[in-house]
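Here are a few exercises to work through with the coordinates open. Try each task before you read its solution.

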Amino acid sequence: MNETLRTDELNPVPSYDRRHGRTMSKCAAIALFLALNVGLASTASSQELIVIQEEVPAGPLDHFFVPFAVPDGTVEIEIRHDDLSDQNILDWGLVDASGAFRGWGGGNSEPAIVGTEAASRSYLAGPIEPGTWNVVVGKAKISEMPAFYDIEIELRTTATLPAQTGRTSYVASAALESTARWYAGDLHVHSLESGDARPSIDEVATFARENGLDFVHLSDHNTVSQHDFIVDVQARHPNLLIVPGTEWTTYQGHASTFGLTTWVDHKIGQPGVTVDGAIDAVHANGALFSINHPALDLAGFCIGCAWSHDIDPTKVDGVEIGTGGWEPTGRVFTPRAITFWEGLLDAGAHAAPLGGSDDHKAGVGLGNFDSPIGSPTTMVYAEALSVAALIEGIRNNRTVVKLQGPSDPMVDMALDPPRAGDTVSAQRVILTATITGATEGSDQIRLVKNGVAEEGVDITGDPFVFEVVLESPTSNDDRYRLEVVSGQKYRTITGHFWLRYGDALPSRTTDDGGDPAPDTGAADGDVGPNSSPPGSAPRTEGGCSCSSHRNSPGPIASLWLLVTLVVVGRSRFARWRK
């Protein structure tokens, strides 16, 4: 029986070299790659070997192109590359004779191989058309001048890689479940199709499901090669939805594209390549655009991790407020990410709060600053467990971020009258929230209006019901969300709803009938929305008695940040590099 050959079988990930925080030299990594791929160089029929050694061109553009000619009859191309420096960092990709994307390995140290029926990780298989192809080179970091590079290109008339029978065009799976409910997932996960990650998609799916998740989003860097394997892997994991997408990685910021299956150019500054154009392309494909770890500013220790692009806030669908769990990373970066998020909302965005682990190892061999899949966890209220339903839930701001993981408290909001999308039009709205899984005696629930938090209310039961009556504004919209905190520690953050002035008054259930009260999710006999027994917060009216939650980190957090800078600075490929 034929077995499916995975990309990790074609490309065992070499140990890291010293420039990238790795223990194996680049030459040794290449030798290992060659040895483990049957007869790779020794039995190949080479049509031509091209060697290019040049100086990195000066100028403001972050990327440049190295052309080479591919003659008719070529069925496989291998590209070996080196930045020839311990100080400089170059990224690598490939476009074909028509200018079409054929792969982005970024910092992959092993050779890139593209053939008609197979390709190495991060690259696309397909026809090898004759003409002028280009190696794409990204100037990730140029510290040593002059800078040079070395590229060796081997053109073959006989393929060395076996055909990848499990590689097929992406087709969205049918809904894995048709129930309308909150689904748990991780919206930032890397497979080995990212140059700095090691797990197969199967490993990602297995670990995620074992951690109680319903879905994961594949966030591989600037490539779409991962999508070629989703149909095959999805069939083996019927209870875990694999969401296609990309981490759109530039040297001035990173973003996730939920549901995107086509490549979108990340080479900002090249002719016609802009941030707005990239977002428009994402939306044109029915996908969502969310800014990742926007406040992760570690200077030269983390290339492009903090967001610095000018952007139309109304085009942003989400912001990653939690990257990695609250322990150890979130205590410094989550408050800053929340401030960034609220600033976008002040400017007109309706971006949902999102969270992702940025896991690169499927929970294996985690270091002190790694977070496994599911830490944090993003809950999405969706009509079904399908890609389309999850996207609609995020678009409607029906998200809750559990900042450490699945065991953090859940906050389920109900509105009377109900929302349409993420907006309620009424003179008055009754917000009823049911909080489960909180810690009595330490956790509080806080209402946040337009980015400013009210005083917290002690959570005294499980479940705990919090209710408040909100008056609509006479102009503009007010936005509201809830958060669970424990002292200075954030545990859970909900998405917003926007309250807009309207003519209709909310209804209440009465003894003589009428419209039903909002569904809090409580079973018969549980605490309801119309009473305030133990385990409930009394209903409050009107505006906020507010205090700002946009605090700078204290001395302990600042010390932690200093330690983080030292550790992360050792490796370009630390988790926060990407």
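Helices (H or I, at least four residues) and strands (E, at least two) are DSSP runs, numbered from the N terminus. This is a predicted model, where local features need pLDDT of at least 70, side-chain atom pairs count only at pLDDT 80 or more, and totals for chains, interfaces and linings use all residues. Residues are numbered from 1 along each chain as its sequence is written, and side-chain values use heavy atoms, with hydrogens and water left out.

**Exercise 1. Get the overall picture of the protein chain.**

Step 1: count the elements; the protein chain has 8 helices and 30 strands.

Step 2: check burial (buried means under 20% relative accessible area, exposed over 50%, partly exposed in between, with a 1.4 Å probe and protein chains only). Of the 578 residues, 57% come out as buried.

Step 3: look at contacts, meaning heavy atoms within 4.5 Å. Take those between residues at least 6 apart in sequence: 76% of them join residues at least 24 apart.

**Exercise 2. Which residues of helix α3 are buried, and why do they sit on the same side?**

Step 1: α3 spans residues 201-210, and its buried residues are Ile 201, Asp 202, Val 204, Ala 205 and Ala 208.

Step 2: these residues share a side of α3 because they cover an arc of only 160° around the axis. That arc is taken from the directions from the helix axis to the C-beta atoms.

Step 3: recall the geometry: an α-helix has 3.6 residues a turn, so residues three or four places apart point the same way.

Step 4: find the cover. The buried residues of α3 are covered by elements including β9 (181-189), β10 (215-218), α4 (230-236) and β11 (241-243).

Step 5: step just past α3, and you'll hit Gly 212 with a positive phi of about 85°.

**Exercise 3. Work out the pairing of strand β26.**

Step 1: β26 covers residues 477-486, and 8 of its 10 residues are buried.

Step 2: apply the pairing rule, under which DSSP must find at least two bridges between two strands. β22 (residues 444-449) runs antiparallel to β26, with 6 bridges, and Leu 447 stands opposite Leu 482.

Step 3: try β28 (residues 497-500), which is antiparallel to β26 over 4 bridges. Here Tyr 480 faces Phe 497 as its opposite residue.

Step 4: finish with β27 (residues 489-494), joined to β26 by 4 bridges, again antiparallel. Val 485 has Tyr 490 as its bridge partner.

Step 5: inspect the hairpin of β26 and β27, where 2 residues lie between the strands and Gly 487 has a positive phi near 65°.
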